[in-house]
Amino acid sequence: MASPQNPNQDTHAVPVKERDESLELQPFLDEIQSDAVMHSQGLDAREAASAVLCTLGRRLSDGEDVKLYRALTGGIGEILGACSVHRGSSRARRIGRDEFMSDVADHLKIKVDQAPRVVAAVFTAVRDRIPEEEVAAVASQLPADLGDYFRRPV
């Protein structure tokens with residue numbers, strides 16, 4: 001027979017964790033979503049992250065994209081790993097800042113002049129979650145003007 005539950009016992013004292021990735025993924029998405037351009041353009045943080053990370057993944061070497069994927073824990077790396085829109089047979093394709101921004105804008109169906117803000121929001125959220133060595137490794141594979149977006153402010 002089951003023991004009767006104590007009516008004075010607080011059954012909600014310990015929060016129930018639904019999924020491991022929500023502990024890291026949700027704050028990541030919330031940080032991106034809080035950017036003003038996201039609100040003004042009606043953009044979804046997950047879609048913005050996908051657009052930027054897919055474009056970034058296309059730019060990185062096979063080894064570097066795997067390192068970045070592994071550094072982005074808690075489900076964040078899954079966004080990079082799930083990219084298929086910008087992937088092609090050629091890896092580490094050389095693209096400049098303008099083409100990067102254009103690809104992100106096309107993916108999100110926004111004006112190209114809005115893309116730098118979206119890219120900056122996602123890059124900031126990403127770089128704040130990976131080790132400094134990984135920030136430097138990723139930035140070194142980007143054109144100088146795009147690498148500046150990715151590097152930590154000094």
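Select Leu 23 to start: this residue is exposed, with a relative accessible area of 55%. Exposed means over 50% relative accessible area, buried means under 20%, and partly exposed lies in between (1.4 Å probe, protein chains only). Leu 23 sits in helix 1, residues 22-33. Now add Gly 74 to the selection. Leu 23 and Gly 74 are 51 residues apart in sequence, yet 7.0 Å apart in space, C-alpha to C-alpha.

A word on what you are viewing. This is a predicted model, in which local features need pLDDT of at least 70 and side-chain atom pairs count only at pLDDT 80 or more, while totals for chains, interfaces and linings use all residues. Residues are numbered from 1 along each chain as its sequence is written, and side-chain values use heavy atoms, with hydrogens and water left out.

**The whole protein**

Zoom out and show the cartoon. You will find nine helices and zero strands. Helices (H or I, at least four residues) and strands (E, at least two) are DSSP runs, numbered from the N terminus. Of the 154 residues, 43% count as buried. Take the contacts (heavy atoms within 4.5 Å). Among those between residues at least 6 apart in sequence, 67% join residues at least 24 apart.

**The core**

Select Phe 28, Ile 32, Leu 56, Leu 68, Val 118, Val 126 and Phe 150. These have the most contacts inside the largest nonpolar core, which has 42 residues. A nonpolar core is a set of buried Ala, Val, Leu, Ile, Met, Phe, Trp, Tyr and Cys residues joined through side-chain atoms within 4.5 Å.

Keep Phe 28 and hide the rest. What does Phe 28 contact, leaving aside its neighbours within four places in sequence? The partners are Ala 49, Ile 76, Ile 79, Ala 125, Val 126 and Arg 129.

Step across to Ile 76. Ile 76 lies in helix 5, residues 76-81. Ile 76 is buried, with a relative accessible area of 1%. Beyond four places in sequence, Ile 76 is in contact with Glu 24, Leu 25, Phe 28, Leu 53 and Arg 129. Add Val 126: Ile 76 and Val 126 are 50 residues apart in sequence and 8.6 Å apart in space, C-alpha to C-alpha.

**Helix 7 and helix 3**

Val 126 leads to the next stop. Select helix 7, residues 115-127. Helix 7 is mostly covered, with ten of its 13 residues buried. Among them are Ala 121, Val 122 and Arg 127. Check the length, too. At 1.5 Å a residue, the 13 residues should span 18 Å, and the end C-alpha atoms of helix 7 are 18 Å apart, which agrees. The expected span is 1.5 Å times one less than the number of residues.

Two packed helices are described by the angle between their axes and the distance between the axes. Axes are lines fitted to C-alpha atoms, for helices over the stretch in contact, and angles run from 0 to 180 degrees between N-to-C directions.

Add helix 3, residues 45-59. The axes of helix 3 and helix 7 come within 9 Å and cross at roughly 80°. That makes the two helices roughly perpendicular; this term covers 65 to 115 degrees, with under 35 roughly parallel, over 145 roughly antiparallel and the rest oblique. From helix 3, show Ala 48, Ala 49, Val 52, Leu 53 and Leu 56; from helix 7, show Val 118, Val 119, Val 122, Phe 123 and Val 126. By class, this contact has ten nonpolar, no polar and no charged residues. Ala, Val, Leu, Ile, Met, Phe, Trp, Tyr, Cys and Pro count as nonpolar, Asp, Glu, Lys and Arg as charged, and the others, Gly among them, as polar.

Stay on helix 3 and pick Ser 50. Is Ser 50 buried or exposed? At 18% relative accessibility, Ser 50 counts as buried. Leaving aside neighbours within four places in sequence, Ser 50 is in contact with Ile 79, Cys 83 and His 107.

**Helix 6**

His 107 is one of the buried residues of helix 6. Select helix 6, residues 97-108. Its buried residues are covered by elements including helix 3, helix 7 and helix 9. Helix 6 and helix 7 pack at about 90°, with their axes 9 Å apart. They are therefore roughly perpendicular to each other. This contact has ten nonpolar, no polar and one charged residues. Last, click Lys 109, just after helix 6: this residue takes a positive phi of about 60°.
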